[in-house]
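Trainee: Got a minute to go through this one with me?
Mentor: Yes, put it up.

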Amino acid sequence: MRIGIVCHPTFGGSGVLATELAAYLAQQGHSVHVISYAMPARLDELQPDLYFHEVQVQDYPLFQYQPYELALSSMMVQVVQREKLDLLHVHYAIPHAYAAYMARKILEDQGVHIPVVTTLHGTDITLVGKHPSYKPAVCFSIEHSSAVTAVSESLRRDTERIFSIRHRILVIPNFVDLNRYGRGSSDDRSKIAPDGVPIMVHVSNFRKVKRIPDVVDVFARVRSQIPVRLIMVGDGPERPRAEEDIEARGLHDDVRWMGKSTDVERILAMSDVFLLPSESESFGLAALEAMASYVPVVATNSGGIPEVIDHGHSGFLEAVGDTEAMARDVLEILTTPGLRDAMGQRARAKAEQFAMAPVGNQYIELYQKLLHEQAR
Ligand code: GMT
């Protein structure tokens with residue numbers, strides 16, 4: 001098949017998943033064309049059958065806001081025509097599903113009929129998508145996609161509730177490339193914790209929904225009981241406040257800031273506990289990557305997280321904001337003999353249920369079904 005994948009190029013989970021799916025499809029012999037406004041962080045452009053098309057927006061002094069959707073729709077039309085694509089798969093509804101609808105209509109006008117798959121990732125529904133500024137357009141473009149998938153049962157339910165959608169939403173969970181994740185060398189670990197103390201880690205885009213103050217609070221509580229380090233990976237609006245908070249609490253020397261690291265695998269491979277105290281999380285791809293690295297996760301029991309982490313088995317789940325309980329869980333993992341390793345093993349076993357090939361093949365089956373229906 002000849003497939004177009006549209007995504008945000010940033011470090012967020014939707015871009016990561018879309019890029020890894022593109023790589024998997026290309027490995028399976030499909031011709032894959034990724035469309036975005038910048039090269040996605042994890043895309044290997046040298047991989048055979050994998051191509052990147054950059055959307056460029058023409059600026060003009062009249063515009064207060066650059067018309068990105070227009071440029072994106074035009075690019076989709078051009079790539080479909082030039083590369084003779086069979087299908088478009090857009091990740092994150094905003095603005096991709098809407099731009100794809102327009103591209104499809106333009107192509108139809110030229111006698112070209114192409115299915116569009118929309119994958120919903122979370123905040124495109126639960127946070128941004130439900131805002132009155134976007135809701136009618138998001139709802140319309142979901143309804144008019146050829147197929148809609150959600151990354152968890154929880155997100156499927158939220159979408160049906162928020163948009164009272166008639167379209168059947170298929171759940172295809174996120175996946176992880178298990179070969180990329182594992183335990184690392186003690187060399188790496190000794191660079192961060194030469195004294196051998198345990199390492200806690202948090203990876204996110206540092207937005208409000210991630211509850212970064214709770215990461216700091218859990219760490220401070222654990223730090224008051226045992227020596228421990230914290231690695232903070234990623235960047236975003238909440239980072240400056242967290243840095244101030246850490247400074248004010250006198251924790252500065254025990255925290256390492258890694259920014260938008262491209263070495264997440266190595267960082268997870270040396271970590272002992274992953275923290276994810278989010279307000280809401282449709283899936284928690286970062287937690288799945290930690291689990292694939294044999295790292296137990298302490299998280300909130302919100303959204304789709306319980307579909308990924310089994311409480312008391314591969315990690316612990318607590319109520320949103322309950323930093324006392326989360327700190328207690330981290331301490332239990334780090335101080336009970338053998339528990340960290342046992343939970344880490346179980347976390348890896350759970351992550352194996354989300355292996356790349358079986359999930360990637362669900363997308364391939366969906367594409368084949370849509371193309372078959374269209375040919376009839
Ligand atoms: O807002 C974010 O956290 C980023 C967003 C994205 O663009 O990737 O993440 C969402 O999609 C991920 C990949 O499917 C999920 O693992 C995250 O849980 C989801 N984030 C939220 O629901 C908050």
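Mentor: What follows goes through strands, a helix and some aromatic pairs, and the model is a predicted one.

Trainee: Start with the sheet that has β8 in it. What is the strand order?
Mentor: The order is β10-β9-β8-β11-β12-β13, in an open sheet of 6 strands with parallel pairing.

Trainee: Which strands stand at the edges?
Mentor: β10 (255–259) and β13 (315–318). Each has a single partner strand, so one side of each is left without a neighbour in the sheet.

Trainee: And how are neighbouring strands turned against each other?
Mentor: By 20° on average, with direction ignored.

Trainee: How many bridges between β8 and β9?
Mentor: There are 5, joining residues 199–203 of β8 to residues 229–233 of β9 in the parallel sense. Within that pairing, arginine 229 of β9 stands opposite isoleucine 199.

Trainee: Which strands does α11 lie across?
Mentor: α11 lies across β8, β11 and β12 (297–300). Its direction is at about 170° to β11.

Trainee: Now the N-terminal end. Is β1 mostly covered or mostly open?
Mentor: Mostly covered: of the 5 residues in β1 (residues 2–6), 4 are buried.

Trainee: What does β1 pair with?
Mentor: One partner is β2 (residues 31–36), parallel, over 5 bridges. There, serine 31 of β2 stands opposite arginine 2. β1 is also joined to β4 (residues 87–91), again parallel, by 4 bridges. Leucine 88 in β4 is the bridge partner of glycine 4.

Trainee: How does the chain get from β1 to β2?
Mentor: Through helix α1 (residues 13–27), as a right-handed β-α-β crossover.

Trainee: Different topic: α9. Which residues are buried there?
Mentor: Arg239, Ala242 and Ile246 are buried in α9 (residues 239–248).

Trainee: Why do you say they line one face?
Mentor: Because, looking down the axis of α9, the buried residues fall within an arc of 60°. On the other side of the helix, Glu244 and Ala248 are exposed.

Trainee: What covers the buried residues of α9?
Mentor: The cover includes α8 (212–223) and β10. β10 is the edge strand mentioned earlier.

Trainee: And what follows α9?
Mentor: Glycine 250 follows α9, with a positive phi near 70°.

Trainee: Last topic, aromatics. How many pairs in the whole structure?
Mentor: The search finds 5 aromatic pairs. In one of them, the rings of tyrosine 101 and phenylalanine 140 have centres 4.8 Å apart and planes at 80°, so the pair is edge-to-face.

Trainee: Where do those two residues lie?
Mentor: Tyrosine 101 is in helix α3 (residues 93–109) and phenylalanine 140 is in helix α5 (residues 135–143), so the pair ties together parts 39 residues apart in sequence.

Trainee: Is tyrosine 101 buried or exposed?
Mentor: Tyrosine 101 counts as buried, at 18% relative accessibility, because the cut-off for buried is under 20%. Phenylalanine 140, at 33%, counts as partly exposed.

Trainee: Got another pair?
Mentor: Phenylalanine 283 and phenylalanine 354 are also edge-to-face, 5.6 Å centre to centre with 90° between the planes. Phenylalanine 283 is in the loop between β11 (273–276) and α11 (285–292), and phenylalanine 354 is in the loop between α14 (339–351) and α15 (356–375). The pair links distant parts of the chain, 71 residues apart.

Trainee: Are those two rings' residues buried or exposed?
Mentor: Buried: phenylalanine 283 has a relative accessible area of 3%, and phenylalanine 354 has 8%.

Key
Residues are numbered from 1 along each chain as its sequence is written. This is a predicted model: local features need pLDDT of at least 70, side-chain atom pairs count only at pLDDT 80 or more; totals for chains, interfaces and linings use all residues. Side-chain values use heavy atoms; hydrogens and water are left out. Rings of Phe, Tyr and Trp (its six-membered ring) pair if their centres lie within 6.5 Å; planes under 30 degrees apart count as stacked, over 60 as edge-to-face and the rest as tilted. Buried means under 20% relative accessible area, exposed over 50%, partly exposed in between (1.4 Å probe, protein chains only). Two strands pair if DSSP finds at least two bridges between them. Axes are lines fitted to C-alpha atoms, for helices over the stretch in contact, and angles run from 0 to 180 degrees between N-to-C directions. Contact means heavy atoms within 4.5 Å. A crossover is right-handed if, with the strands pointing away from the viewer, the path from the first strand over the helix to the second runs clockwise. The arc is that of the directions from the helix axis to the C-beta atoms.
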